[in-house]
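Work through the exercises below with the model open. Each task is followed by its solution.

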Number of protein chains: 2
Amino acid sequence: MTRAPNMPPPIEDAWPAICLVRPQMGENIGAVARVMLNFGLVSLRLVAPRDRWPNPKAEIVAVGANTVLKGAKVEWRLEDALADATLVVAATARPRELEKPVWGARETAAKLKAATAAGERPLVMFGPEASGMETDEVAKADAILTLPVNPGFASLNLANAVAAFAYAYAEARQERDTPSWFRDSENPPATQEELEAMFLHLERELEHGRFFHPLDKAPLMKRNLRSIFLRARLTQQEAQTMRGVIKALTIGRGGRKKDDL
Amino acid sequence: MTRAPNMPPPIEDAWPAICLVRPQMGENIGAVARVMLNFGLVSLRLVAPRDRWPNPKAEIVAVGANTVLKGAKVEWRLEDALADATLVVAATARPRELEKPVWGARETAAKLKAATAAGERPLVMFGPEASGMETDEVAKADAILTLPVNPGFASLNLANAVAAFAYAYAEARQERDTPSWFRDSENPPATQEELEAMFLHLERELEHGRFFHPLDKAPLMKRNLRSIFLRARLTQQEAQTMRGVIKALTIGRGGRKKDDL
C-alpha cells in the first residue's frame with residue numbers, strides 16, 4: 001500500500017501475541033495474519049498446524065502480511081508456544097467448568113494493553129476451526145475471552161474471531177487511560193514456563209503422595225489446582241518460593257508411607 | 001448448532017442493515033452473512049454484485065447463515081438499496097473531502113442502537129473489495145465509519161471489516177445506557193428516498209438557474225450541498241417543507257433570465 005506523506009507510521013506491536021492452537025486450514029491462518037497486521041499486531045504462534053508449514057495457501061490469503069507469517073513461531077506443544085508468555089487468555093465461546101475470570105474483548109484489550117505497558121508478554125490463544133480448544137488447553141490460561149455472539153449461531157470463522165479482538169485492541173491502544181492493576185516491572189510476573197515447571201513439580205510430588213484419588217478425577221483435580229495459582233498471578237520470585245515450599249514439604253520423604261504429608 | 005436447554009434465544013436484529021456496495025467475490029458475501037448472524041444481524045443488501053446471484057460460493061462460505069443470504073435484497077442502484085433507510089453510515093478507510101461526522105465502530109454502534117430503539121432504520125454500507133466505494137457513494141451517507149487500522153496496512157478483508165462493526169454492535173446491544181440524541185418517533189426522520197427526491201428537485205432547479213458553474217465543479221458542489229442537508233438529519237415533515245421552499249422559490253420562473261434567483 002502506498003502511504004501519503006502525512007500518514008502516521010505503521011503500527012507494529014510485538015505484544016500481545018496471537019496463538020492459533022491446532023489450526024486446520026492454511027487460508028484461515030493467512031486471513032488471521034492479514035487481520036492482525038490490519039490492526040497492528042505482528043506476533044503469531046502456531047501450535048501443531050494440521051497441514052505442512054510454510055503453507056502456500058496461507059501466503060496467498062495473507063496478501064501483504066507475509067512478514068507476520070514468516071515471523072510466526074511454530075511449535076508442536078502448546079506448552080512451548082506459551083513458554084515465555086506472562087499472561088495467557090483463551091478465546092472460547094463454550095462455557096467450561098473452570099474457575100477463571102471471563103472477559104469480553106474490550107476488557108481483554110484494556111488489560112492486555114496495561115500488561116504490555118508494564119513490560120508483560122500477554123498472549124491470546126484461539127482454538128481450531130471446528131471444535132475449539134480442549135478444556136485442558138483452555139485450563140492453561142489465566143482468563144477466558146468470550147465474544148458477545150448470537151447463542152443461536154455462535155461459531156465464528158477463525159479470522160473473524162481474531163478480527164473482533166484485534167479491533168478491540170486497536171481501540172484500546174488509542175485510549176489514554178490505562179488501568180493499573182498490573183504490578184510494576186521490578187517484580188516481574190512468572191512466565192508460563194516457570195509456572196509449568198512449578199505445576200509439574202507439585203503434581204509429581206502429589207502423585208507420589210497419592211493425592212490424586214480416585215485416579216480418574218486426577219485431570220480435574222490438577223486443573224483446579226492450577227487455576228488457583230494462575231488466578232494468583234505469581235511473580236517469578238513467588239514461583240521460586242513455591243518450588244522451595246514444595247521441596248521443603250517433600251524433603252526426606254522416602255517411600256509411600258501413610259505418614260508422609 | 002444444537003442449543004443447550006438453558007441457552008438464551010437467538011438474537012436477530014432486523015436493523016441495522018448491512019449493505020455491500022458492488023461486492024466482487026461470492027466467498028466474501030457468504031463470509032459477511034456468516035459473521036452478521038454470529039453477532040445477531042440479519043438484514044443484508046447487495047448493490048450490483050459482480051457475479052450472478054444467487055451465488056453458490058457465497059452459500060458454501062455462509063455455513064449456517066443461508067437465511068441471511070436468502071433474505072438479502074439485491075438492487076442494481078445504490079439509491080434503491082438505501083431507499084427506506086433513515087440513517088446511512090459509510091465504512092471507509094480513505095480520507096474523503098466530505099463534511100461529514102466521522103465515527104469509530106463503537107460510536108457508530110451506540111448511535112445505531114439508539115436509532116433502532118427510536119424506530120429508525122439505520123444501515124451501514126461497505127465498499128467493494130479492492131477499491132472501496134466511490135466518493136459519490138460515500139457522499140450519500142450521513143456519517144463515516146472508520147476503523148482504527150494500521151496506516152501501513154489498512155486494507156481489511158470485507159468480512160473482517162463487517163466483523164469489527166458487528167462485534168461492536170453486539171457489545172452496544174448488551175449495554176444499558178442509550179444515548180438519546182435521536183428525536184422521538186412522533187417526528188419520523190426522512191427516508192433516503194424522500195431526501196433523494198428533495199435533492200433532485202433542488203438540483204434540477206439549481207441547474208435551471210445555472211447555479212453549477214463552472215460545469216466541471218458541479219459534482220463537488222452537489223455533494224457539498226447534500227452534505228449540509230444530510231448533517232441536518234431532516235424529518236419527513238422538514239423534507240416536505242424544503243420541497244415547498246424550492247417550489248416557492250422557483251414558482252413562476254420562466255426562461256433563464258438573469259433576474260431569476
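**Exercise 1.** Place R34(B) in its helix and describe its surroundings.

*Solution.* R34(B) belongs to helix α1 of chain B, residues 26-38 (helices are DSSP runs of H or I, at least four residues, numbered from the N terminus). This is a predicted model: local features need pLDDT of at least 70, side-chain atom pairs count only at pLDDT 80 or more, and totals for chains, interfaces and linings use all residues. Residues are numbered from 1 along each chain as its sequence is written, chains are lettered from A and ligands numbered from 1 in the order written, and side-chain values use heavy atoms, leaving out hydrogens and water.

Next, list contacts (heavy atoms within 4.5 Å). Leaving out residues up to four places away in sequence, R34(B) touches F153(A), S155(A), L156(A) and N157(A) in chain A, and V61(B), A62(B), V63(B) and A65(B) in chain B.

**Exercise 2.** Which side chain of opposite charge is nearest to R34(B), which is buried?

*Solution.* Buried means under 20% relative accessible area, exposed over 50%, partly exposed in between (1.4 Å probe, protein chains only). Lys and Arg count as positive, Asp and Glu as negative; His and chain ends are not counted. The nearest is E129(A), 9.1 Å away, and R34(B) has no salt bridge (side-chain nitrogen of Lys or Arg within 4 Å of a carboxyl oxygen of Asp or Glu).

**Exercise 3.** How many salt bridges link chain B and chain A?

*Solution.* The count is two. E175(B) pairs with R106(A) in a salt bridge, with the closest N and O atoms 3.0 Å apart. The contact itself takes 40 residues from each of chain B and chain A.

Notes:
Helix = DSSP H or I, 4+ residues; strand = E, 2+ residues; numbered from the N terminus.
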